[in-house]
Structure formats: C-alpha cells, structure tokens
Amino acid sequence: MAVETSDVETGAETVTASVVGGSGFTGGELLRLLAGHPNFELAEVTSRSKAGKSVGSVHPPLRGTDLRFTEPDDLESVDVLFTATPHGVSMEQIDDFFEIADTVVDLSADFRLNTEEQYDEWYDGHVAPEYLERAEYALPEINRESLPGADLIAGGGCNATATILGLYPLVEAGIVDGDQQIVVDVKVGSSEGGAGGGEASSHPERSGVVRPYAPTGHRHEAEIEQFLGTTVAFTCHAVDMVRGASATSHVFPSGPVSKGDLWKAYRGCYEDEPFVRMAAGGSGVYRYPEPKAVAGTNVAEVGFELDPSNKRVVVFSAIDNMMKGSAGQAVHAANVALGFEETAGLEFAGLHPVGAP
C-alpha cells in the first residue's frame, strides 16, 4: 500500500506489521526497530520453537512488552509482513504470505537474485521463480528509484551489502568497468551464523580466531556481480566479534586514478545519503571504517586509500551485519516503499565506547 505524503508529514499514518520467524538474532533486531517505529503498529510475531513465550524472554531489549510468539499457522492479516526465516522458507510460502499481507519484506536470500538460473548455480534452485522479477532489492543507496510502491522487497546479504556499498561509487564513476581485477576480503562476526549457528559460532570456538570459512565460492558473490556488473575474487573470515561485517577491497584500475577522483566518486554517490558516512584516513583512532563504530546502527562507513606504488585502490567498508546488513536495511527499504520518512525508526547513532561489537 502507498501512503499519502501529507499523512506521513503529520506522523499520523500507521500500518500494521507482523514478523515471521522472530526468535533469531535478526528477528530480534527487526522487532526492536518496529516496536519503536512511528509508522508501524507491531501486531504479531511467529516462532514455532518459542510459541507461547513472551518476546522479552527471548529478546531482552523488549522486556516489558506484552507481545508473545505465536504459531506461524495462526498469522492474521496485516499491511506488511516481514519474514526473517531461513533460506528456502519464503519461496515455499510466498503465495500464502501475499494472502496475509499487501507487502512482503523478505530478509532471506530467496528473492535477491534476478533469475532462476542464478539460483540453480548458487543455491539449490528456486520453487517460485515467477516472483523473481517482481522483487526489488532492499538497498536504497543503489535501488531507491525502484522501491516506491514495491510489494515484494528482498533484503541483501550482509557481506554483499558491505562490499557493494564500498565499490559502487567506483562503478558509477567508471573507475571500475568490469575489466579490472578486484579482490575482496570480508571479516564477519559470529551473529552472521544466527542464533542456531552451531559449534563454529560458539564462543569457545570463535574466541580469538581469524578463520577462513568461505575462501572461494561464497553465495554473496552472485549479488555483488549482479549489482556491480563485475566479478570479484571474494573470501570471508570468521573473526572474534559478535556484530559486524568489514570488507577490504583491492581494486586495480585500468588507468590512472587520483585521490581527487576518488573523493569526487564517493561524494557524488553518498554525500546526501542518510545512512552512509565517509571515514577515509582522518585523525584519531577510528580513521577508517570498522564495525565497532557502527554497532547497533543502520549506518555504513566507507573509506579508501590510494597506493600509487602498485596502482591499487584499497576500499574499506563496515556495517553492523544485523542492522545495515539485514533488519535495518529491511526497515529502510520499507520506509521508502511505503512513502514514510526514510530515516523513521532508524535514527539511533550508536554508542562509544562499547565492548566487542
């Protein structure tokens, strides 16, 4: 449903929203955002494993709320349905979801890619490919013009989001045109594995590590290639932090590039973006982007450094994987799609100092 601008300006317009699969880490972030959002009335949250339990017993920041988890089969009709389910669930149930809601915002990987062939290559196929052309990617910084009025919104992957936001200005400026070698190294926190991440995400196994877990063939490569039009050599490491994704991209441009060119490219893309800020070698401890500086926020930090000795541009980008990489991105996209103020419900600027993100 579209919302009248005049209603949004008065703050009077609200829509009902429910969350499917709200017991995980990302589901908790999504509930926190919706509970404090001026335009969403949180109606229901489902979880098969937690049905009947209070939301606050699973997500401590929401203690004191009356909301309880319900069975997914008991969902009632709402205006907007957010789905924070594992990959494969939404594509199986998408017809049922649209029986319940006018707008579906899916945080899984089920509708991120454009074609059935991509899902055959990178995932395990797709059972509802007719919806792929209908879905709009939930990253306003690169897809804002297509989001208004969208009724199926597909959340981006956190590693892809960090990488795309870092490299996108170089593509827009023509510094990257698809012929360059690009090497991307991403460091991610344990929350990326989800609440049921298993042994590899447990604290004793995660503590103190810098562990390669996807040296090649990471599924998020498909998103990066789709939206940037270039291939990347992509590697992920699991590191000792809870929140965050930090991407370091090494780009070897075909022609000469100056720092002035880089500043022009990044300012041209992000100067007016409410949730992207530059951190490119200034003073102080936090001279370049890092997840700790954006923990709990919908902000992406982006920066760069030029290495003339080997004609290399080093691009840094950092996000909170559960916020800008998932729940925050979903709410931001929903705001744009429904005609709300873009920053509604997402104004939290973060804390400093904090512990491990």
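## Basis of the description

A residue is called buried when its relative accessible area is under 20%, exposed when that area is over 50%, and partly exposed in between. The structure described here is a predicted model.

## Salt bridges between distant parts of the chain

Side chains of opposite charge can pair when their charged atoms come close. In this model, a search of the whole structure yields 15 salt bridges.

One of these salt bridges joins Arg144 to Glu273, with 2.7 Å between the closest N and O atoms. This pair connects distant parts of the chain, 129 residues apart: Arg144 belongs to the loop between helix 6 and strand 7, and Glu273 to the loop between helix 10 (259-270) and strand 12 (276-278). Glu273 has a relative accessibility of 11% and therefore counts as buried, whereas Arg144, with a relative accessible area of 25%, is partly exposed.

A salt bridge also forms between the side chains of Arg134 and Asp151, at 2.7 Å from N to O. Here too the pair links distant parts of the chain, 17 residues apart: Arg134 lies in the loop between helix 5 and strand 6 (136-137), and Asp151 in the loop between helix 6 (140-143) and strand 7 (152-154). Arg134 is partly exposed, because its relative accessibility is 37%. Asp151 is likewise partly exposed, at 23% relative accessible area.

## A buried pair and a network

Arg112 and Glu223 meet through their side chains in a salt bridge of 3.5 Å, N to O. The two residues stand 111 residues apart and link distant parts of the chain: Arg112 is in the loop between strand 5 (101-106) and helix 5 (116-122), while Glu223 is in helix 9 (residues 220-228). Both Arg112 and Glu223 are buried.

Other charged residues take part in a shared arrangement. Glu29, Arg32, Arg243 and Asp320 are joined into one network by salt bridges that share partners.

## The largest pocket

The largest pocket holds about 1200 Å³ of space. It is lined by 49 residues, of which Thr85, Pro86, His87, Glu192 and Gly194 are the closest to its centre. By class, this lining consists of 16 nonpolar, 27 polar and six charged residues.

Several elements contribute to the lining of the largest pocket. Helix 2 (25-35), helix 4 (89-100), helix 7 (158-172), strand 9 (210-214) and helix 11 (323-338) supply at least two residues each. Helix 2 gives the largest share, three residues.

## The second largest pocket

The second largest pocket contains about 190 Å³ of space. Its lining is made up of Phe25, Gly28, Glu29, Arg32, Val58, His59, Pro60, Pro61, Leu62, Arg243 and Met322. Among them, Glu29, Arg32 and Arg243 also belong to the salt-bridge network described above.

Helix 2 provides the largest share of the lining of the second largest pocket, with four residues. The classes represented in this lining are six nonpolar, two polar and three charged residues.

## The seven-stranded sheet

Seven strands form an open sheet in the order 9-10-8-11-14-13-12, with mixed pairing. Strand 9 and strand 12 are the edge strands, each of which pairs on one side only. On average, neighbouring strands of this sheet are turned by 25 degrees against each other, direction ignored.

At one edge, strand 9 runs antiparallel to strand 10 (residues 233-239), and four bridges join the two. Arg211 has Ala238 in strand 10 as its bridge partner. Strand 9 also contributes to the lining of the largest pocket, with at least two residues.

## Strand 4 and its partners

Strand 4 (residues 78-83) is largely enclosed by the rest of the structure, because six of its six residues are buried. Strand 1 (residues 15-20) pairs with strand 4 in the parallel sense over four bridges. Within this pairing, Ser18 has Leu81 of strand 4 as its bridge partner.

Strand 4 also pairs with strand 5, again in the parallel sense, over five bridges. Thr83 stands opposite Asp106 of strand 5.

Note on methods. Residues numbered from 1 in each chain as written. Predicted model: local features only at pLDDT ≥ 70, side-chain atom pairs only at ≥ 80, totals over all residues. Heavy atoms only, no water. Salt bridge = Lys/Arg side-chain N within 4 Å of Asp/Glu carboxyl O. Buried < 20%, exposed > 50% of the residue type's maximum accessible area, 1.4 Å probe, protein only. 1 Å grid on protein atoms, 1.4 Å probe; cavity = no way out; pocket = protein on both sides within 12 Å on 5 of 7 lines; lining within 4 Å. Points joined across faces, edges and corners; volume = space filled by probe spheres on them. Nonpolar A, V, L, I, M, F, W, Y, C, P; charged D, E, K, R; others polar. Pairing = 2+ DSSP bridges. Axes fitted to C-alpha atoms, helices over the stretch in contact; angles between N-to-C directions.
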